[in-house]
Amino acid sequence: MMTVEEKRLRAVVASFEFEGEFRHYELIESGHINTTYKVFVERHGELKDYIVQRLNTYVFKNPEAVMKNIAGVTEFIRAKIKATGVSAKRYVLHYAKTAEGQYYTILPDGGFWRCCRFIDGSKSFLFPETERIVEESGKAFGEFQRHLSDYPVKDLEIVIPHFHNTVMRYETFKQSVQANTAKRRVWVEEEIEGYLALEEIATRLYKMQRKGELPLRVTHNDTKTSNVLFDEETGEYLSVIDLDTVMPGLVAFDFGDAIRIAANTGAEDEKDLTKVNVDMGKFEAFTRGFVGKAGPLLTENEKSTLALGAIAMTVECGMRFLTDYLDGDKYFKVHYAEQNLVRARCHLVLAQKMIERLDEMQAIVEKYC
Ligand code: ADP
Ligand code: GN1
Ligand code: MG
């Protein structure tokens with residue numbers, strides 16, 4: 001008998017405009033929020049692959065606004081690439097439309113789905129093993145900045161209010177500590193203290209932005225390595241993906257959130273904390289790639305705060321994991337019981353290492369700016 005999962009995927013595929021027969025699918029399990037599948041459709045005897053996703057509407061309360069941002073940004077980038085005489089097919093996401101001309105379909109059970117072309121000959125990396133991968137990912141996010149430097153920021157929908165408002169993230173964290181909903185606080189007093197001790201340094205950048213010292217740009221806001229596609233053969237970057245959180249933001253946050261993954265010597269949920277540190281070779285590789293592309297756009301204040309962005313984003317993300325652990329794992333997907341806590345511990349150590357090595361990181365940024 002056909003699974004409900006397959007029935008759903010067949011219904012989604014049928015509602016988009018392209019012709020073809022549903023053949024089979026694979027689940028892609030890398031992300032923490034949405035549900036992602038690779039779906040194979042047969043057309044004129046040939047198999048075509050698509051990425052079909054169910055958007056998490058607990059996280060994205062206004063999914064139509066998410067798709068509006070994505071449509072705006074991808075069309076803008078596509079036009080820029082085409083204007084250089086190059087085919088944009090492999091360099092920007094292409095979402096399918098329904099017969100009604102929408103970039104999404106809603107199934108009878110309320111599920112919100114979308115579908116984009118699988119970029120031919122592409123691959124991604126959950127953990128960036130080499131400096132080459134890290135440098136290419138830096139170029140990809142730097143280029144994204146460059147492409148969108150003249151995109152009208154005010155046209156973007158705020159799909160998750162206060163997403164990188166580190167000040168507010170601290171408030172939410174403190175509320176979760178007080179509420180102690182999942183009765184787990186007793187196990188994590190040390191980690192709570194650890195994050196509270198970093199509040200000043202982690203919120204510095206957000207406060208600078210509030211004072212008007214840093215400009216708001218179009219930012220990606222989820223710049224981990226797995227959100228870049230690479231050419232399977234040459235290893236060069238092709239495109240930035242996972243555009244759900246594109247919103248106005250600080251360039252240092254895009255830089256820093258990427259470093260959180262790209263320059264961590266351990267995994268995002270590394271259990272062996274002796275393995276967690278900043279890989280300075282990878283930090284330099286990312287900086288070279290990113291600044292090489294986006295550097296000329298940046299103000300002096302922006303350049304001098306890139307390294308601080310790594311600390312802010314590592315603390316913020318780790319504290320979000322700890323908040324979710326305290327709340328009872330409602331936001332991030334977990335693959336085992338304590339995963340949010342493991343993630344939070346790893347980020348705390350990583351942030352402490354970054355703070356110890358801020359001068360080194362700063363010197364590298366200055367070298368490339
Ligand atoms: P999530 O929100 O679950 O993180 P992503 O959009 O990042 O979802 O997709 C998850 C993974 O699926 C990516 O890391 C990449 O390996 C693959 N992927 C997503 N979109 C494409 C695409 N258009 N072409 C090729 N691979 C893709
Ligand atoms: C989530 O969807 P995914 O896995 O790419 C999260 C990011 C976090 C990231 C941590 C909408 O991203 O903010 O930095 O996990 N996305 C959302 O790995 O909250
Ligand atoms: Mg992703």
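**Reading two ligand shells**

Modeller: Domain 1 (4-120) and domain 2 (131-368) both give residues to the shell around ligand 2, so ligand 2 lies between them; the domain bounds come from an automatic or database domain assignment. This is a predicted model, in which local features need pLDDT of at least 70 and side-chain atom pairs count only at pLDDT 80 or more, while totals for chains, interfaces and linings use all residues, and side-chain values use heavy atoms, with hydrogens and water left out. Residues are numbered from 1 along each chain as its sequence is written, and chains are lettered from A and ligands numbered from 1 in the order in which they are written.

Colleague: How many residues surround ligand 2, and which are the closest?

Modeller: A residue is near a molecule if one of its heavy atoms lies within 4 Å of it. Here 18 residues surround ligand 2, and His32, Asp222, Lys224, Glu268 and Tyr331 are the closest. By class, this shell has eight nonpolar, four polar and six charged residues, with Asp, Glu, Lys and Arg counted as charged, Ala, Val, Leu, Ile, Met, Phe, Trp, Tyr, Cys and Pro as nonpolar, and the others, Gly among them, as polar.

Colleague: Which helix gives the most to the shell around ligand 2?

Modeller: Helix 10 (residues 306-327) does, with three residues; helices (H or I, at least four residues) and strands (E, at least two) are DSSP runs, numbered from the N terminus.

Colleague: Which side chains have an N or O atom close to an oxygen atom of ligand 2, and at what distances?

Modeller: A polar contact is a pair of N or O atoms within 3.5 Å. Oxygen atoms of ligand 2 are paired with side-chain atoms of Tyr331 at 2.6 Å, of Arg320 at 2.8 Å and of Arg260 at 3.4 Å. The protein covers 97% of the 440 Å² of accessible area (Shrake-Rupley method, 1.4 Å probe) that ligand 2 has on its own.

Colleague: What polar atoms of the protein lie beside ligand 1?

Modeller: Nitrogen atoms of ligand 1 are paired with polar backbone atoms, at 3.0 Å for Arg117 and at 2.9 Å for Ile119, whereas for Asp242 a side-chain N or O atom is 3.0 Å from an oxygen atom of ligand 1. For ligand 1, the protein covers 92% of the 550 Å² of accessible area that the ligand has on its own.

Colleague: Where does the shell around ligand 1 draw its residues from?

Modeller: Domain 1 (4-120) and domain 2 (131-368) each supply at least three residues, and strand 3 (46-54) and strand 5 (112-117) each give at least two. Of the 19 residues around ligand 1, Arg117, Ile119, Ser124, Ser226 and Asn227 come nearest, and by class this shell has eight nonpolar, nine polar and two charged residues.

Definitions and conventions: A polar contact is a pair of N or O atoms within 3.5 Å; within protein, one must be able to donate a hydrogen and the other to accept it, and residues adjacent in sequence count only if both atoms are side-chain atoms.
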